[in-house]
Amino acid sequence: MVSNPVHGLPLLPGTSFKDFTKTAFHRSQTLGYRNGYAIVRRPTVGIGGDRLQFNQLSQAELDELANKAPVLTYGQPKQAPPADFIPAHVAFDKKVLKFDAYFQEDVPMSTEEHYRIRQVNIYYYLEDDSMSVIEPVVENSGIPQGKLIKRQRLAKNDRGDHYHWKDLNRGINITIYGKTFRIVDCDRFTQVFLESQGIELNPPEKMALDPYTELRKQPLRKYVTPSDFDQLKQFLTFDKQVLRFYAIWDDTDSMYGECRTYVIHYYLMDDTVEIREVHERNDGRDPFPLLMNRQRMPKVLVENAKNFPQCVLEISDQEVLEWFTAKDFIVGKSLTILGRTFFIYDCDPFTRRYYKEKFGIADLPRIDVSKQEPPPVKQELPPYNGYGLVEDSAQNCFALIPKAPKKDIIKMLVNDNKVLRYLAALESPIPEDKDRRFVFSYFLATDMISIFEPPVRNSGIIGGKYLGRTKVVKPYSTVDNPIYYGPSDFFIGAVIEVFGHRFIILDTDEYVLKYMESNAAQYSPEALASIQNHVQKREAPAPESESKQTEKDPGVQELEALIDTIQKQLKDHSCKENMHEAFQIYDKEASGYVDREMFFKICESLNVPIDDSLVKELIRLCSHGEGKINYYNFVRAFSN
């Protein structure tokens, strides 16, 4: 009978007790992670949290139990698949052992040599145990060289055995098809491979040299020739030595003449001269290489030989007193050849060395013969016609198909949607123009200006767009170098001249002040101070506080009397409802003032009889400056 491990009682009904203190009956966690790696932990407690008192199984025993399959239930386990088989032609693909070797060959039919040493390379291909013997090709050796034995498996003995890489080593002889090869060395890969397979390599040997080849490398016997000049000595001494001169033929004095470039070759081996033409691309001439074929050139003829028919007969020494020689060709001098005067202006480095060693002329500087190009004609633009911008009009003079001027993309991206707005008045002697107001919009992205005139009811002037977006040129600036108005030119009191019309800046918005303060370097201190002072005046205390200080002012008394009169006459007018709230919507700063243009728009929307004479007088008394109206006193006239 099994006893209770806790109380020592048998596990029978009535003798076992339930431990109510235990609440967790899960198995302990045996898997975990440490430093990002999965590890296996052995459990220390059992189900219910009781600590295990018996010895735990090792990892090997746990693996054995995990891999043990119940034979009675599932039958015999399947055999594990064998390891992948890698064939030799895959494992040793492109792996070749290289050995340096040589063999000795008899030479029976020669008196200068009795044997010959031929150096070869033996290649052993690991993928199929084949070998090949290749002899490096030597130029002009007269011996068939190259592949001596093509790639194949080579027999080692008469029993049918073949050479294996285990049979190869340094310092041994191998016989292939009756020829004995002496292996002296191998490459680095072969050495590493054989040592990795446990083969002890012999020390490398020195490659044997061919006696006849070494004999040919010795200096030949020198023969002393007579010092007297002869043509054979000149030919042997100066063979393939040519003096090269660069010359020009200036024929510009004749009709359709030009200055052409030539190369003069002087052959030292036989004192002949050759003149070659230098062709340039698209010069319109046939690509004929020679102006004069290689020949000896006479310098001074015999008097009787002046009438010699040179075109049909060859000139000999009897008709010539002196021939052209190397000393006649000097850089910086002219010489006449076949009626043409050539001026030599340069030569190659070999010619300079020759003249220095032969004639002692060390300095042969190059002469600049290039013609100075005439100064470029300055392109003069036609006078500006007044249409469009100056840059746009100038593009018609630069190309047949005009292109748009390049724009400052960085400036356009940084100042996108940034607009400076100013309120301006027109300076004009006409009385009707004194009350006209204009809104200037300066676009920082393109430096363009647009002018808008707010429409005023019953003014007789049609408002709207006064000037589209365009750059405005400052007065007294030249057409060649136009100077446009910039942000620094706009401040309170500034005079802006737009195509003959003069405007005076009266007011700005708050964004202009913020922009000027953030970019103070672009503005003068006076311009910045004018904007700041104007904004401070505009932000003066509300008119309610002013009214207490000016109670005894006659103008205030007149305003109060007028308000009482309007209240009596227009007490039944329907526009008095919500009038104060309508003005407060547009007075975001709660200053008690609104723009004159906005004031009239609100009055029109509320059906205020602004055409009445009393209302006009009230508007005049409530006006503050030229652009603001005090709506506090105005609304009082329409309240109960």
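**Close-up 1. Tyr354 is a buried residue that pairs with Phe359.** In this predicted model, Tyr354 has a relative accessibility of 13%. That value falls under the 20% cut-off, so Tyr354 counts as buried. Its partner Phe359 reaches 35% and is partly exposed. The two rings meet edge-to-face. Their centres lie 6.2 Å apart, with 80 degrees between the planes.

**Close-up 2. Phe103 and Phe181 form an edge-to-face pair.** The rings are 5.2 Å apart, centre to centre. The angle between the planes is 65 degrees. Phe103 belongs to strand 3 (residues 96–106). Phe181 belongs to strand 8 (residues 179–186). The pair links distant parts of the chain, with the two positions 78 residues apart in numbering. Phe103 is buried, at 3% relative accessible area. Phe181 is buried too, at 2%.

**Close-up 3. Eight residues are joined by ring pairs into a cluster: Tyr422, Phe438, Phe440, Tyr442, Tyr466, Tyr485, Phe490 and Phe503.** Across the whole structure, the search finds 21 aromatic pairs.

**Close-up 4. The charged end of Arg294 sits over the ring of Tyr267.** The distance from the charged end of Arg294 to the ring centre of Tyr267 is 3.7 Å.

**Close-up 5. Arg469 places its charged end over the ring of Phe443.** Here the charged end of Arg469 lies 3.6 Å from the centre of the Phe443 ring.

How values were computed: Residues numbered from 1 in each chain as written. Predicted model: local features only at pLDDT ≥ 70, side-chain atom pairs only at ≥ 80, totals over all residues. Heavy atoms only, no water. Phe/Tyr/Trp six-rings, centres within 6.5 Å; stacked < 30°, edge-to-face > 60°. Helix = DSSP H or I, 4+ residues; strand = E, 2+ residues; numbered from the N terminus. Buried < 20%, exposed > 50% of the residue type's maximum accessible area, 1.4 Å probe, protein only. Lys NZ or Arg CZ within 6 Å of the ring centre and 35° of its normal.
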